Amino acid sequence: MTASRALVGSPMGADTRKFANLELRGLKRDGSFSGYASVFGEVDLGKDAIERGAFRKSLAERGACGVRMLFQHDPAEPIGAWKTIREDSRGLYVEGMLAEGVARAREVHQLLKSGALDGLSIGFRTVRAKTDAKSGVRRIFEADLWEISVVTFPMLPSARVQNIKNARWFRDKETELVRAMRRAARMMLTETFR
C-alpha cells in the first residue's frame with residue numbers, strides 16, 4: 001500500500017489519504033535514527049509534491065507524540081516512537097527510536113542495519129492541494145500527518161536509508177562520492193607530508 005494512493009471521502013479528492021517517502025539516516029545501536037520524511041517540492045511516483053509549510057498546522061496540533069511509528073503502514077504494528085518532527089528548509093525532519101522491547105522493532109532494526117529494508121513512508125490526509133492540469137502534478141499545500149512507517153517500497157525511489165552507523169555499505173551516490181574524495185585527500189596528505 002505504500003506505493004499506491006487510497007482515496008477516501010469527497011469525489012474531488014479533498015479528503016485523500018496518501019503514503020509518501022521518507023529518507024532515513026544515522027541508525028544507531030540503540031535503535032534511534034533521524035532523517036527526512038519529505039523533501040519539499042520533490043515529485044513522487046504518485047505525481048505528488050509536498051510544499052514547504054504543508055505540515056505546520058498538523059504538527060502544531062498533534063506534535064511528534066501524536067504521530068505513530070508503524071511497520072508497513074499497519075496500525076497493528078507500532079514499532080517505536082517519534083521524538084522530534086519538524087519542518088526545516090529542506091523538508092520534514094524526524095528523529096525516532098525503535099522500541100527495543102518489541103520483537104518487530106528488533107527485526108526492523110536488524111533489517112535496516114543489513115540493508116535488507118531501507119525505505120520509510122509517511123501517511124497523511126490531504127487538506128489543501130492543487131493539481132497542475134498540464135503536468136498532472138498535485139502540489140500539496142496542507143496535509144494532516146498521522147503516521148510515519150518503515151516500509152519496503154516507498155513512493156519515492158530515492159527515499160532510502162543513506163547511512164547506518166557501523167555499517168560499511170551505502171546506496172547513495174553522493175555518499176559514495178564524498179567517501180571517495182575523503183580517501184583521495186587522505187592519500188594525498190599522506191604522500192605529500194612524509
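Read along the sequence, the chain of this predicted model follows the pattern β-β-β-β-α-β-β-β-α-β-β-β-α. Colour the chain by secondary structure, and three helices and 10 strands should appear. Of its 194 residues, 43% count as buried. Among contacts between residues at least 6 apart in sequence, 66% join residues at least 24 apart.

**Stop 1: colour by confidence**

Switch the colouring to pLDDT before selecting any detail. The average over the chain is 78, and 71% of the residues score at least 70. Confidence is highest in α1, at a mean of 97, and lowest in strand β1 (residues 6-7), at 39. Select residues 1-16 next: the pLDDT there is below 50, and the stretch has 36 contacts in the model beyond near neighbours in sequence. Residues 162-172 also have a pLDDT below 50, with 30 contacts in the model counted beyond near neighbours in sequence.

**Stop 2: strand β7 and its two partners**

Select β7 (91-98). How much of this strand is buried? Six of its eight residues are, so that β7 is mostly covered.

Now add β3 (32-39) to the selection. β3 pairs with β7 in the antiparallel sense over seven bridges. To see the register, display Ser34, which stands opposite Glu95 in β7.

Then add β6 (74-87). β6 and β7 run antiparallel and are joined by seven bridges. The connection between them is a hairpin through three residues. A useful marker for this pairing is Trp82, whose bridge partner in β7 is Gly96.

**Stop 3: the hairpin of β8 and β9**

Select residues 119-131, strand β8, together with residues 138-151, strand β9. The two pair in the antiparallel sense over 12 bridges. Display Lys130 in this pairing and find Arg139 of β9 opposite. Follow the chain from β8 to β9: the two strands form a hairpin with six residues between them. Which residue in the turn has a positive phi? Centre the view on Gly136, where phi is about 80°.

**Stop 4: Ser149**

Remain on strand β9 and select Ser149. Is this residue buried or exposed? Its relative accessible area is 0%, under the 20% limit, so Ser149 is buried. Its side chain makes a polar contact of 2.6 Å with the side chain of Glu147. Leaving aside neighbours within four places in sequence, the contacts of Ser149 are Leu70, Phe71, Gln72, His73, Gly119, Leu120 and Ser121.

**Stop 5: the nonpolar core**

In soluble globular proteins, nonpolar side chains tend to be buried together. The largest nonpolar core here has 30 residues. Show Phe55, Trp82, Ile85, Leu98, Leu145 and Ile148 as sticks, as these have the most contacts inside the core. At least two core residues come from each of β3, β5 (68-71), β6, β7, α2, β8 and β9. β9 gives the most, with five residues.

**Stop 6: Phe55 and the aromatic pair**

Centre on Phe55, one of the core residues just displayed. Apart from neighbours within four places in sequence, Phe55 is in contact with Ser38, Ile50, Glu87, Leu92, Ile122, Phe124, Ala143 and Leu145.

How many aromatic pairs does a search of the whole structure find? There is one. Phe55 and Phe124 form this pair, with an edge-to-face arrangement: 6.2 Å centre to centre and 85° between the planes. Phe55 lies in the loop between β4 (48-50) and α1 (56-62), whereas Phe124 belongs to strand β8, so the pair ties together parts that are 69 residues apart in sequence. Phe55 counts as buried, at 0% relative accessibility. Phe124 likewise counts as buried, at 0%.

**Stop 7: His109 in helix α2**

Finish with helix α2 (residues 103-114) and select His109 within it. With a relative accessible area of 10%, His109 is buried. Set a C-alpha to C-alpha distance between His109 and Asp30: the two are 9.2 Å apart in space and 79 residues apart in sequence. Finally, show the residues that His109 touches, not counting those up to four places away in sequence: Leu27, Lys28, Arg29, Gly31 and Leu98. Leu98 links this last view to the nonpolar core, being among the residues with the most contacts inside it.

Notes. Residues are numbered from 1 along each chain as its sequence is written. Side-chain values use heavy atoms; hydrogens and water are left out. Two strands pair if DSSP finds at least two bridges between them. Helices (H or I, at least four residues) and strands (E, at least two) are DSSP runs, numbered from the N terminus. Buried means under 20% relative accessible area, exposed over 50%, partly exposed in between (1.4 Å probe, protein chains only). Contact means heavy atoms within 4.5 Å. A nonpolar core is a set of buried Ala, Val, Leu, Ile, Met, Phe, Trp, Tyr and Cys residues joined through side-chain atoms within 4.5 Å. A polar contact is a pair of N or O atoms within 3.5 Å; within protein, one must be able to donate a hydrogen and the other to accept it, and residues adjacent in sequence count only if both atoms are side-chain atoms. Rings of Phe, Tyr and Trp (its six-membered ring) pair if their centres lie within 6.5 Å; planes under 30 degrees apart count as stacked, over 60 as edge-to-face and the rest as tilted. pLDDT is the predictor's confidence in each residue, from 0 to 100.
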